[in-house]
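Biologist: I should be grateful for a close look at a single part of this structure. Please set that part in its wider context as well, in terms suited to a first-year student.

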Amino acid sequence: MDINLKKMGEIEDSENRRMVFVTVGTTLCDALVRAMDKKEVKQELYRRGYSHLLIQMGRGFYTPTKSEGEDGSVAVDYFTFSSSIADHLRSASLVISHAGSGSMFETLQLGKPLIVVVNEDLMDNHQSELAEKLAERKHLYCARPQTLRHMIADMDLESLLPYPAGDATPVAKLINRFLGFLAPRFLTILAYFWPLFASTTVFLVLIIAFGGVSQLASDAHGAQAGEGLLDYVAGQAEHTTEPEKYE
Amino acid sequence: MGSKDETCFAISIIIIIIGLIFIAIVRVIYVVYRTSKPLRPKSPKPLSTLIVLGSGGHTAEMINVLSALQKDRFMPRFYVAAATDNMSLQKARVLEDLLADTNGGKVVSAKFMQIYRSREVGQSYITSIGTTLIAIAHALWLMIKIRPKVILCNGPGTCIPLCVIAFLFKVVGIRWSSVFYVESIARVKRLSLSGLLLYKLCIADQFYVQWPQLQRKYPRAIYVGCLM
């Protein structure tokens, strides 16, 4: 009973603990960390029912303020790098990520709701292309550091669609075909099936050999039988008289 | 008399140089023509494979491709990643360890190497010329050591020097290699700089893209759907 009660308590605790995990991957994305550290954003998260905020800040220089999470605010904690980012992603109720494709797909494949914040500092901002494309397909929400607060306020996580897993087999097939691995060469087939081919050949040769011998035997017999039949059909032996006419 | 000999000598040297240039051009044209033509091996043997890993998402995509390939056909495998990037080689090691476990006691021939980057994320195009030169020298050393028959890459700048050297090896006749380039899923509307170079210079034998609108824009590319 005691154990059951304890378990119940733990479940309740984990139900109450709704963590927001912020990740910037291996990059430097101070804009995102700074945006998360804003008071309005944290208040908005608390209003939406989140209790904890864990920030993975990567190579960033801006350190957010830690907080224990007293009444009316979220508990904030941060770290730079960790090998257990996958565990943090798994335990999170909401993930806010930079626009790196690695972090985005890792989150989507775990089926976690995701807000991507596009970093506008990068030289060519191709990363937003993917985030916007996936947002268009309703797999995630895409925000800018300035619009993050409104995004958190307005988001409807129920409307997000799960992301189907990708498939690398078409690429593998094309590579194999190009390198000549897919279609087995004639010689390879021959090498693999040579016992079968050899025995079939021997068998055929035997059939022909024996068949040929019995053919000869039946030929002699067949010729006689045919003659008898022709005689019967003709009613008389015409072919013995006809050559005489021509002479 | 002397001047006549000299002019004769000069003319013959010019003719030789022109001849050599002509042969080189013909060879380059032949290599470009043969590139992107499928191989017809007499007996398919395992091919030494160079795998260029990038950071984060690039590596995840490459590992997806690798796990779909038959490992016994692509041996030995050489993994190359940027010197500033430890995570990617780590992930490749995890993959190889997994393979070694499933193969039992079989010896898996995989090597892991680091290379200087030609361009860091966010570096300007002008300064990237200098760093690219250093990266090329280092890449040449690596390629002479490896001489791969297959090169798999998917977007990091580190693959450019390697692929250009592979092309030169083809022209000179050191090693014929097939270059497969998979454009990153992050590229939806435009190719990356590396992708654009490999596409325009016809260095990549097969050029794969993961979004249909890119295939429409670059007709020689092949659309393969999302890898992730």
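**A close look at one helix of chain A**

Modeller: The model is a predicted one, and the part I have chosen is helix H2 of chain A, which spans residues 30-37. Let us begin with the chain that holds this helix. Chain A contains 10 helices and six strands. Of its 247 residues, 28% are buried. Among the contacts in chain A with a separation of 6 or more, 59% join residues that are 24 or more positions apart.

How much of helix H2 of chain A is buried? Six of its eight residues are, and the helix is therefore described as mostly covered; a residue counts as buried here if 20 or more other C-beta atoms lie within 10 Å of its own. The buried residues of H2(A) are A:Ala31, A:Leu32, A:Val33, A:Ala35, A:Met36 and A:Asp37. By class, A:Ala31, A:Leu32, A:Val33, A:Ala35 and A:Met36 count as nonpolar, while A:Asp37 counts as charged.

What do these buried residues pack against? Their partners in chain A include four strands, namely E1 (19-23), E2 (52-56), E4 (94-98) and E5 (114-117). The buried residues of H2(A) also pack against two helices of chain A, H3 (39-47) and H7 (148-154).

A second stretch of chain A carries an annotation. In the unreviewed UniProt entry, residues 186-210 of chain A are annotated as "transmembrane region". In the model, this stretch is 100% helix and 0% strand, and its end C-alpha atoms are 31 Å apart.

Confidence should be considered alongside this description. The mean pLDDT of chain A is 80, and 77% of its residues reach 70 or more. Over residues 1-12 of chain A, however, the pLDDT is below 50, and this stretch has zero contacts in the model beyond near neighbours in sequence.

Finally, chain A has a partner. In the model, 30 residues of chain A are in contact with 39 residues of chain B. On the side of chain B that touches chain A, the elements giving two or more residues are helix H2 (57-68), strand E5 (178-182) and strand E6 (206-209) of chain B. H2(B) gives the most, with five residues. By class, this side of chain B has 23 nonpolar, 10 polar and six charged residues. The domain assignment divides chain B into domain 1 (1-34) and domain 2 (45-223), and the C-alpha centres of these two domains of chain B lie 36 Å apart.

Technical notes. Residues numbered from 1 in each chain as written. Chains lettered and ligands numbered in written order. Predicted model: local features only at pLDDT ≥ 70, side-chain atom pairs only at ≥ 80, totals over all residues. Contact = placed C-beta atoms within 7 Å. Buried ≥ 20, exposed ≤ 12 C-beta atoms within 10 Å, placed from the backbone. Domains from an automatic or database assignment. UniProt positions renumbered as here; feature names shortened; annotations may be inferred. pLDDT = per-residue confidence, 0-100.
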